[in-house]
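Here is a friendly walk through one chain, from a single side chain out to the sheets and cores. Keep the structure open as you read.

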Amino acid sequence: MAVVDLVMPKLGESIMEATILKWFKQPGDPVKMDETVLEIATDKVDSEVPSTTAGVIEEILFNVNDVVPIGTVIARIKTAAGEAAASAPPPPPPASEPAKLQEAEVVETVHHQPAASYTQATSAARPSPNGTSSRFYSPLVLNIAASEGVSMAELEQLPGTGNEGRVTKKDILQYVSERKSGVGSRKAEAGSPDSTANRQSSPVIHQQSNTPQPSSIIHQPSAPSPVTYSGNVEIMEMDRMRKLIAEHMVRSKHTSPHVTSFTEADVTNLVMWRDKVKKEFEKRESTKITFTPLFIEAIVRCIKKFPLINSSLDGDKIIIKKDINIGMATALPTGNLIVPVIKNADQLNLVGLAKQVNALADNARNGKLKADDTTGGTFTLTNVGTFGSLMGTPIINQPQVAILAVGAIKKRPVVIETPHGDSIAIRHMMYLSMSYDHRIVDGSLGATFLTAVARELENFNGEREI
């Protein structure tokens, strides 16, 4: 018999951790190759993790709701030696004493500091070999630090509770609050490389003393007093996805100064063309032709003319994306929204766009999206007209710099300019709105791009072949 490690799989380029939602197997249960062992969730989608071998679940290392880094062993499967040799990676070298020693040191320090916080502070404060820090700071953290007068040296020493020891918004705000009360400087000193090294080099002292030292005291905010609600109310707990959406939206508003521009387009030619070809299109291509691929087609043409719209911001560097990956906001049966991404949309014709749009929308509604389906977007389209809205002010999908919303198409009497004079006619009209990051996109570029998209839709060729 042999034991095979089941690890948290890689779920996408930007996904570093996942939350365990449900275990389908328990220790002692048999499992087949590729049989689902557990369900996990990221900030993008939910996924199932299959077994990499056949055997019996020997050990489960994490509980439901635990957040686990990618690549971490989450369970062990006991299997026959032959099967293990075919499916399991080679065993690690026998030199495992340092790892055991490190684990022992963490256990020794548990008396005066939680192990998770200790290891995070250690990794966060470790400098790079060339003497400069390799830590990543989000634009939000840097903005807060700048506005509160927190130097980079202080940031370098501040223990982070985020993934891989990163400093989060909560960390920097708590540090600023404690610094004003005279506590923050001691906390930063406790997380400095020197103090961390001293703690690691003195495990005997940690074993001998169970009394918290001043530099290791973790200051927790006082528990909030219970809130009472008057009147006839119903209290509904946010589900996991709604919490993630709320956090994402708040972070976007804190990160990007939003500006929204509006315009309207006469889409009569587009509407009439779709009405004319939709039956033949569905019969020939076995998929429906909606307005979404037509909107995406127009957006892609305009992005090629104004590539700065297809970018992101990294500190003081503007990263212009050469790939055009269009995200489309899709409503789920729960009422939440998710944004699957059409990769390389500029390389697809109308039929290809229609099939991609319909496939991603169906997978989203049926919970079959893969993690990679929601990553890598460079620009987002949201159709608020689906819900009857005439227009909206969408929130930017970070780290993108713009998002375009299309409203409901309504028949209205409008003035038509012709060589023979003006006239009033009934036309299919639609409002478009675009929110953009004013750090990169000025009003002139934002309005020009939005107007260009409207003109593309207005000048749609009503005699176009499928």
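## A residue in a helix

Asn 358 has its place in helix α13 (residues 350-365); helices (H or I, at least four residues) and strands (E, at least two) are DSSP runs, numbered from the N terminus. This is a predicted model, in which local features need pLDDT of at least 70 and side-chain atom pairs count only at pLDDT 80 or more, while totals for chains, interfaces and linings use all residues. Residues are numbered from 1 along each chain as its sequence is written, and side-chain values use heavy atoms, with hydrogens and water left out.

Is Asn 358 buried or exposed? Asn 358 counts as buried because its relative accessibility is 15%; buried means under 20% relative accessible area, exposed over 50%, and partly exposed in between (1.4 Å probe, protein chains only). The side chain of Asn 358 reaches the backbone oxygen of Lys 288 at 2.8 Å. That is a polar contact, meaning a pair of N or O atoms within 3.5 Å; within protein, one must be able to donate a hydrogen and the other to accept it, and residues adjacent in sequence count only if both atoms are side-chain atoms. Leaving out residues up to four places away in sequence, Asn 358 touches Thr 287, Lys 288 and Thr 290, where contact means heavy atoms within 4.5 Å.

## The whole chain

The protein chain has 14 helices and 19 strands. Of its 466 residues, 39% are buried. Among contacts between residues at least 6 apart in sequence, 64% join residues at least 24 apart. The chain exposes about 25,800 Å², with carbon and sulfur atoms supplying 54% of it; the area comes from the Shrake-Rupley method with a 1.4 Å probe, and for residues only the protein chains shown count as cover.

## Two open sheets

One open sheet holds 4 strands in the order β5-β4-β2-β7, with antiparallel pairing. Two strands pair if DSSP finds at least two bridges between them. At the edges are β5 (46-50) and β7 (67-69), each pairing on one side only. From one strand to the next the twist averages 45°; axes here are lines fitted to C-alpha atoms, for helices over the stretch in contact, and angles run from 0 to 180 degrees between N-to-C directions.

Another open sheet of 4 strands runs in the order β1-β8-β6-β3, and its pairing is antiparallel as well. Here β1 (2-7) and β3 (30-31) stand at the edges with a single partner strand each, so one side of each is left without a neighbour in the sheet.

## Strand pairs

The table sets out some antiparallel pairs from these sheets and from around β19.

| Strands | Bridges | One facing pair |
|---|---|---|
| β4 (residues 36-41) and β5 | 5 bridges | Leu 38 and Val 49 |
| β1 and β8 (residues 73-79) | 6 bridges | Val 4 and Ile 77 |
| β9 (residues 258-266) and β19 (residues 421-437) | 9 bridges | Glu 264 and Tyr 431 |
| β17 (residues 402-406) and β19 | 5 bridges | Leu 404 and Met 434 |
| β18 (residues 410-418) and β19 | 9 bridges | Lys 410 and Met 429 |

β18 and β19 also form a hairpin, with 2 residues between them.

## Nonpolar cores

Which residues have the most contacts inside the largest nonpolar core? They are Phe 379, Leu 404, Leu 432 and Phe 449, in a core of 74 residues. A nonpolar core is a set of buried Ala, Val, Leu, Ile, Met, Phe, Trp, Tyr and Cys residues joined through side-chain atoms within 4.5 Å. Beyond its neighbours within four places in sequence, Leu 432 is in contact with residues including Phe 262, Leu 404, Val 406, Leu 450, Val 453 and Leu 457. Another core, of 11 residues, lies apart from the largest one and has Val 141, Val 150, Leu 155 and Val 176 among its members.

## Backbone exceptions

Most residues other than glycine have a negative phi, and most peptide bonds are trans. The peptide bond from Gln 398 to Pro 399, however, is cis, with omega near 5°. Pro 399 is in the loop between β16 (379-383) and β17.

Asp 34, in the loop between β3 and β4, has a positive phi, near 70°, and is exposed with a relative accessible area of 55%. Asn 65 also has a positive phi, near 80°. Asn 65 is found in the loop between β6 (55-60) and β7 and is exposed, at 58% relative accessible area.
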